[in-house]
Amino acid sequence: MAEPWWRDAVIYQIYIRSFADGNGDGLGDIAGIRSRLRHLADLGVDALWINPWYPSPMADAGYDVSDYRAVEPRFGTLADAEALLREAHDAGLRVLLDIVPNHSSDQHPWFTEALAAGPGSPARERYLFRPGRGADGAEPPNGWQSVFGGSAWQRVTEPDGSPGEWYLHLFAPEQPDLNWEHPDVRADFEKTLRFWFDRGVDGFRIDVAHSLVKEPGLPDASDLEWPRKPVEVDGELQRAPWRPHPFWDRDEVHEVYREWRLLADSYDDPKVYVAEAWVDEPERLARYLRPDELHTAFNFTYLQAIWDAGYLRQVIGETLEEHRAVGAPATWVLSNHDVARHVSRYAREQTTPGSSLMELLGRPADLDLGRRRARAAVLLTLALPGSAYVYQGEELGLEEVEDLPDEVLADPTWERSGHTDRGRDGCRVPLPWSGDAPPYGFSPEGSTAQPWLPQPAGWGPLTAEAQSGDPGSMLELYRAALHRRRETPALGDGELTWLDLPEGVLGFTREPGFGCVVNVTAEPVALPTGYDVVLASGPLPDGMLPAATSAWLARPQQ
Ligand code: GLC
């Protein structure tokens, strides 16, 4: 029997607001995706994951959903969505959507009903409302902090005008947390999954999959740090020991996913899930991937890894070991819409794992080096056993836009942090497709609307049009690697065997007859002998592998 498609799929992430604008309003949309399906099919990916396209007040770029079973009018209609699904399938591309179960929008009918119904009402029980502390209830119920800054609690004004209860929001105040102990919540999400599955959606990416269930009683805790920072032991960085947390990665959450798996498996062509779970411990992450739970999970430990051969090898090795234990394929990802683009991360000397823009600002950057490392990293990523993700624009080698003017910043983090954290807009700048000036073909010719975030002046050489057909470009490297990956039986799901190479050089073989080497050092090293080079991330003078370069190798047939 053929392996299920998702065990070795390469999945392209479409951040819909910034992919392509079909109607000329400066915001990406479904029409834009439909107009660029050729680019995606030619690139050689197997599936698309589309960030939330549901009706939303956009307090958090669509992760505040006010209706889970409809399409945001600015992105198109349900009919447009159905047409996209058909066309993508015709082009050989599967489609995953994004489901946001931890919280709804504060404009969701359930939440407006809860506010109007007042304390003690059944409508409030679908969320996490609590009385405040202190004599007049003016203090939040506990000290939990929001991911976007400040308290995770917001006080409401009751229908009679008096200051009232508080509700929990682990993210923005416009994103009230749902109560996953409530049967209505569970039933409604199953209805949503079915709604989209029945329309041909192939699966879901589950937003903050590790947060749904909170510790009973919502107790205060002295240590809320997450992810926990690595600790130094004898001069070496080690993962902090795992400890239970009142709202992240609680054991009870797995019960939800066992139900969801039954639903996915009830389809003739079973549907699939990928968990967004920021769980740093490979063993804890693997729990989401037990055979009766989710299919895959993003590997954020790999995403955040520093450019260091020893560390990369450790992360890859542990990932494979933990996934093997539950029979799930690993996934590999370098960037997404929540982290600084990896070209800009690799442009800096890195000493500790991380991925946010704030860790980069003010540190000297060498973008040429960042791009060389990014080229080397994608060949590594696509050669590893399992499935991989490509975040839109990384195939163009885009860097993080680090100098967006304050007044255009839209990420709620910027306001919630009192203008100290510049947030995630720098990786969300609309894609450059063609031409040598903004909007670089992002919006249709003749449209006068500005892209919702300004694009840099220097992106002319990075457009898809400019890179197409240039053998030295990032785009052609991605195309070559993705097509060769498909044709190479050793790649995709399976195992690897590490090669014994000099310090700072990472290499492995995969059977039959494939090898991958990455020079993570700053000096050229000799290529292993006995192989032919089939693809390299840069020029290879005289049998050498230059610094920040990788190569795919083939053992000549006997
Ligand atoms: C996830 C999303 C992120 C969003 C958050 C709250 O981490 O990827 O963009 O802000 O959840 O929904």
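This is a short tutorial dialogue on reading a ligand site and a helix in a predicted model.

Trainee: What should I know before I start?

Mentor: Residues are numbered from 1 along each chain as its sequence is written, and side-chain values use heavy atoms, leaving out hydrogens and water. Because the model is predicted, local features need pLDDT of at least 70 and side-chain atom pairs count only at pLDDT 80 or more, while totals for chains, interfaces and linings use all residues.

Trainee: Which residues come nearest to the ligand?

Mentor: A residue is near a molecule if one of its heavy atoms lies within 4 Å of it. Here 13 residues surround the ligand, and D60, D207, E276, H337 and D338 come nearest.

Trainee: How do I read polar contacts there?

Mentor: Look for a pair of N or O atoms within 3.5 Å. A polar side-chain atom of D338 is 2.4 Å from a ligand oxygen. For the side chain of H337, an N or O atom lies 2.8 Å from an oxygen of the ligand, and for H103 the value is 2.9 Å. The protein covers 97% of the 310 Å² of accessible area (Shrake-Rupley method, 1.4 Å probe) that the ligand has on its own.

Trainee: Now the helix: which residues of α4 are buried?

Mentor: Helices are DSSP runs of H or I with at least four residues, numbered from the N terminus. Buried means under 20% relative accessible area, with a 1.4 Å probe and protein chains only. In α4 (residues 78–90), the buried residues are A81, A83, L84, L85 and A88.

Trainee: Why might buried positions recur along a helix?

Mentor: An α-helix has 3.6 residues a turn, so residues three or four places apart point the same way.

How values were computed:
Polar contact = N/O pair within 3.5 Å; in protein donor to acceptor, adjacent residues only side chain to side chain. Helix = DSSP H or I, 4+ residues; strand = E, 2+ residues; numbered from the N terminus. Expected span 1.5 Å × (residues − 1). Buried < 20%, exposed > 50% of the residue type's maximum accessible area, 1.4 Å probe, protein only.
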